[in-house]
Amino acid sequence: MTRVKNIKNRKMTREEQIPIIKQFEAHSLLMMTSLDVAMTKIRKLEEENMELKISVKEAETKISLLEREKRRANRRTVIIADSHRKALDFDRLADFLGDLKVETAYTSRECSKARFPGRSQEKVIPQVMQNYPDTTNMIVQLCCNDLSNMRDLSDVKLMFKMAKDSTINTVEICEKAVLENKNLSILIIPRTPRADSVLLSRLTQYANDLVFQVIAEKSLQDVIKVASLESLKTTSSREITNLFGSPFDTKVDYLHLKGKLGKDLYTSALLESIALT
């Protein structure tokens, strides 16, 4: 028993270890070589996959550009807005939309005391449809002047009713346009925020919110969309100045977007809504 135990515990001589060590080294070298070959193949596949992804991305970009150009070529857009149109960058809009025309309408309905007779949506939109029968898209701004013209009224209840009527008027005029032209799509721009009067600001928000309800009641959601001007909301005096202009500028009325960021913010908000709709 003692002899067997000694055999089991006997250490290998150096001469006995050398062949085993060499065999282990050869096996390790073979594994390292195989690993290098595998890593080379993996890198090559990754490079090919990256090239494929780039090619696919480039193809998708080209297709997207072609589709955009096709839409631009087939699109005929008319923007109908009041004096706030001056705060829009029409070069940027035309670059995205293609063929673009601009018409002015200050009020929703005709008024005997109108400063600009014949410049209501009631008159202008039918004229646009007649003058540009190939119009495919119309962008219509809810009328700020309808609310500004109430400035001297004292009956607040009446003012809210008139604000509601203004929104309904615009939607009804747009509804008539899409019924007469089945290929027409309309995007309504809400009235821009204002900081000239707390009451008029409330009226603006109230009348803007109503547009969704009126469109839904008339089941016009597929042909009349509403742009979002959420990015124009202001919560600080700095934001108000950036949007409307400096309080030291006598031309600033806190209604028109004359601030250094006014045109960019207004145009960007409209472009984003156009892209989404």
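**Around strand S1 and the aromatic pairs**

Valine 78 has lysine 101, in strand S2, as its bridge partner. This pairing is a good place to enter the structure, which is a predicted model. Lysine 101 also takes part in a contact of another kind, for it lies over the face of tyrosine 132, at 5.0 Å from the ring centre.

The pairing of valine 78 with lysine 101 belongs to a wider arrangement, in which strand S1 (76–81) and strand S2 (residues 99–104) run parallel and are joined by six bridges. Another of the partnerships between these strands sets arginine 76 against aspartate 99 in S2. Helix H3 (residues 90–97) belongs to this arrangement as well, since S1, H3 and S2 together make a right-handed β-α-β unit.

Strand S1 also pairs with strand S3 (residues 137–141), again in the parallel sense, and here four bridges hold the pairing. Within it, isoleucine 79 stands opposite isoleucine 139 of S3. How enclosed is S1 by the rest of the structure? Five of its six residues are buried, so the strand is largely enclosed by what surrounds it.

Just ahead of S1 comes arginine 75, which lies in the loop between helix H2 (14–74) and strand S1. Is arginine 75 buried or exposed? Its relative accessible area is 13%, and because the limit for a buried residue is under 20%, arginine 75 counts as buried. The side chain of arginine 75 reaches the backbone oxygen of phenylalanine 96 at 3.5 Å, while a polar atom of that side chain lies 3.1 Å from the backbone oxygen of leucine 97. Leaving aside residues up to four places away in sequence, arginine 75 touches Phe96, Leu97, Asp99, Thr136 and Asn137. Among these contacts, Asp99 is the residue that serves as bridge partner of arginine 76.

From the strands we can turn to the aromatic rings, of which the structure holds three pairs. In one of them, the rings of tyrosine 106 and phenylalanine 116 have their centres 4.4 Å apart and their planes at 20°, so this pair is stacked. Both residues lie in the loop between S2 and helix H4 (121–131), ten residues apart, and the pair links distant parts of the chain. The two partners differ in accessibility, for tyrosine 106 counts as buried at 16% relative accessibility, whereas phenylalanine 116, at 37%, counts as partly exposed.

Another aromatic pair, formed by phenylalanine 244 and tyrosine 254, is tilted, with 6.1 Å from centre to centre and 55° between the planes. Phenylalanine 244 lies in helix H8 (residues 237–244) and tyrosine 254 in the loop between H8 and helix H9 (262–276), so the pair ties together parts that are ten residues apart in sequence. Here phenylalanine 244 is buried, at 1% relative accessibility, while tyrosine 254 is partly exposed, with a relative accessible area of 23%.

Methods
Residues numbered from 1 in each chain as written. Predicted model: local features only at pLDDT ≥ 70, side-chain atom pairs only at ≥ 80, totals over all residues. Heavy atoms only, no water. Helix = DSSP H or I, 4+ residues; strand = E, 2+ residues; numbered from the N terminus. Buried < 20%, exposed > 50% of the residue type's maximum accessible area, 1.4 Å probe, protein only. Polar contact = N/O pair within 3.5 Å; in protein donor to acceptor, adjacent residues only side chain to side chain. Contact = heavy atoms within 4.5 Å. Pairing = 2+ DSSP bridges. Right-handed = clockwise from strand over helix to strand, strands pointing away. Phe/Tyr/Trp six-rings, centres within 6.5 Å; stacked < 30°, edge-to-face > 60°. Lys NZ or Arg CZ within 6 Å of the ring centre and 35° of its normal.
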